[in-house]
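Welcome! Here is a short briefing to help you find your way around a new structure. Please have a look at it first.

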Amino acid sequence: MCLAVPGRILEVEERDGTKVARVQFGGITRPVQLDFVPEAQVGDYVVTHVGFAISRLDAEEADRTLRLLEAMGLLESEGPDAP
Amino acid sequence: MRYIDEYRDERIARALVADLARRVTRPWVLMEICGGQTHTLMRYGIDELIPPQITMVHGPGCPVCVTALETIDKAIQIASQPEVIFVSYGDMLRVPGSRSDLLRVKAAGGNVRVVYSPLEALKMARAQPERQVVFFGIGFETTAPANAMAVWQAKREGLRNYSMLVSHVLVPPAIRLLLSAPHNRVQGFIAPGHVCTVMGYREYEALSREFRVPIVVGGFEPTDLLEAILMLVTQLEDGRAEVENQYARSVSHEGNLPAQAIMREVFEVCDRKWRGVGLIPQSGLRLRPEFAAYDAERIFKLEDASAEEPAECLSAQVLQGLLKPVDCPAFGRRCTPESPLGAPMVSAEGACAAYYHYRRHRVAS
């Protein structure tokens with residue numbers, strides 16, 4: 001139920017007084033309401049649940065976590081089991 | 001795809017598991033609340049990858065599973081009426097009520113439809129003003145803003161044929177109940193990342209302080225969960241009990257304020273009965289009196305009737321983390337996804353279904 005997936009905003013338009021985005025999720029695109037994330041813009045990644053964006057992904061936070069994880073991963077791959 | 005693939009990187013997962021193995025010195029019991037996270041754990045075999053000292057038990061975070069039997073019976077009653085189009089998220093259709101389920105109502109000619117968003121139900125109401133469109137409003141805090149928005153929109157447009165059967169539930173009161181139970185064995189929680197995307201994590205700080213329990217807000221990909229487990233074990237081994245946010249790319253301390261605002265405008269907090277758990281005070285949301293005209297329970301004047309679960313179904317203990325699905329004698333024998341005894345075997349987020357689907361056919365012997 002709380003499944004929510006990240007997708008990239010391709011386009012934003014006003015419809016009936018609300019902002020609606022066309023969002024790409026992997027190979028498909030879907031309309032997504034931006035009522036709760038009105039600041040989201042084309043190129044942003046939003047987490048979407050039942051047709052509504054609930055957050056705009058923070059690229060800096062994502063990169064920070066990944067860099068941290070990558071660093072650990074790289075340390076590990078220097079071991080004898082590295083491919 | 002960005003923000004997904006990198007969090008499924010096997011190399012990173014192995015590094016996290018290795019770090020976990022270095023840190024853990026004794027047994028710990030951790031619980032992930034959210035059923036989506038339970039499925040990630042099972043699907044990627046994370047529960048078997050982590051050091052054996054760490055036991056993951058699975059929480060009640062599956063709205064389909066905890067929707068009261070009586071509410072399912074009400075849904076069936078409403079959906080059976082000829083003028084009604086009953087609209088639901090897909091998982092609810094096969095959940096057993098006390099005598100039937102929504103799928104059987106549909107098979108018998110009832111107009112039961114599955115949607116992905118409550119806005120689709122709103123569209124049906126606009127297109128067919130002669131029919132009563134009733135939306136089954138279930139879910140946790142993640143789903144409540146969208147469902148609230150649909151009702152708010154219906155009121156703004158003056159739609160008279162849209163209503164909602166509301167059975168919303170809230171996560172923090174359920175954690176409080178689990179922690180207050182005398183038999184509780186959970187020592188650390190992974191808080192649900194999408195609930196916290198909406199609500200932030202202030203409420204969890206209060207719980208963590210009161211019960212001196214570490215809580216880590218976690219994401220949904222395999223490396224998210226491994227990192228959250230690592231953060232919990234690190235806290236436990238260090239003797240700390242704090243709230244930390246692993247899923248910071250989506251979750252902020254205050255959460256999504258516009259989403260919270262629409263929730264507060266449309267819903268108010270109420271006591272709620274959870275299937276398999278019982279009544280939890282202040283653990284639900286219902287429509288505010290200003291939105292009473294959109295309350296399906298009022299429109300259809302449904303009686304409150306109590307109903308009994310089949311005695312064979314042990315989902316009550318499973319939902320509270322006291323039993324693993326495979327410990328239930330009916331698991332995989334009398335109870336399968338094709339012929340479920342209880343809701344956790346039905347839902348895409350139910351713990352029993354997760355064990356059944358991901359190579360856990362091993363039945364209790």
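At what angle do the axes of helix α9 and helix α11 of chain B cross? In this predicted model, the two axes cross at roughly 10° and come within 10 Å. The points below start from that helix pair and then move on to a sheet in chain B.

**The helix pair**
- Helix α9 of chain B covers residues 171–180, and helix α11 of chain B covers residues 202–211.
- Angles under 35 degrees count as roughly parallel, so α9(B) and α11(B) are roughly parallel to each other.
- On the α9(B) side, the meeting residues are B:P172, B:I175, B:R176 and B:L179, and they face B:E203, B:Y204, B:L207 and B:F211 in α11(B).
- The residues of this contact comprise six nonpolar and two charged ones, with no polar residue.

**The sheet**
- Six strands of chain B make up an open sheet with mixed pairing, in the order β4-β3-β5-β6-β11-β10.
- The edges are held by β4 (112–115) and β10 (267–274) of chain B; each has a single partner strand, so one side of each has no neighbour in the sheet.
- On average, neighbouring strands of this sheet are turned by 25° against each other, direction ignored.

**Strands β3 and β4**
- Strand β3 of chain B (residues 84–89) runs parallel to β4(B), and four bridges join the two.
- B:V87 has B:R113 in β4(B) as its bridge partner.

**A helix across the strands**
- Helix α7 of chain B (residues 118–127) lies across β3, β4, β5 (132–139) and β6 (162–169) of chain B.
- Relative to β5(B), helix α7 of chain B runs at about 170°.

Technical notes
Residues numbered from 1 in each chain as written. Chains lettered and ligands numbered in written order. Predicted model: local features only at pLDDT ≥ 70, side-chain atom pairs only at ≥ 80, totals over all residues. Pairing = 2+ DSSP bridges. Axes fitted to C-alpha atoms, helices over the stretch in contact; angles between N-to-C directions. Contact = placed C-beta atoms within 7 Å. Parallel < 35°, antiparallel > 145°, perpendicular 65-115°, else oblique. Nonpolar A, V, L, I, M, F, W, Y, C, P; charged D, E, K, R; others polar.
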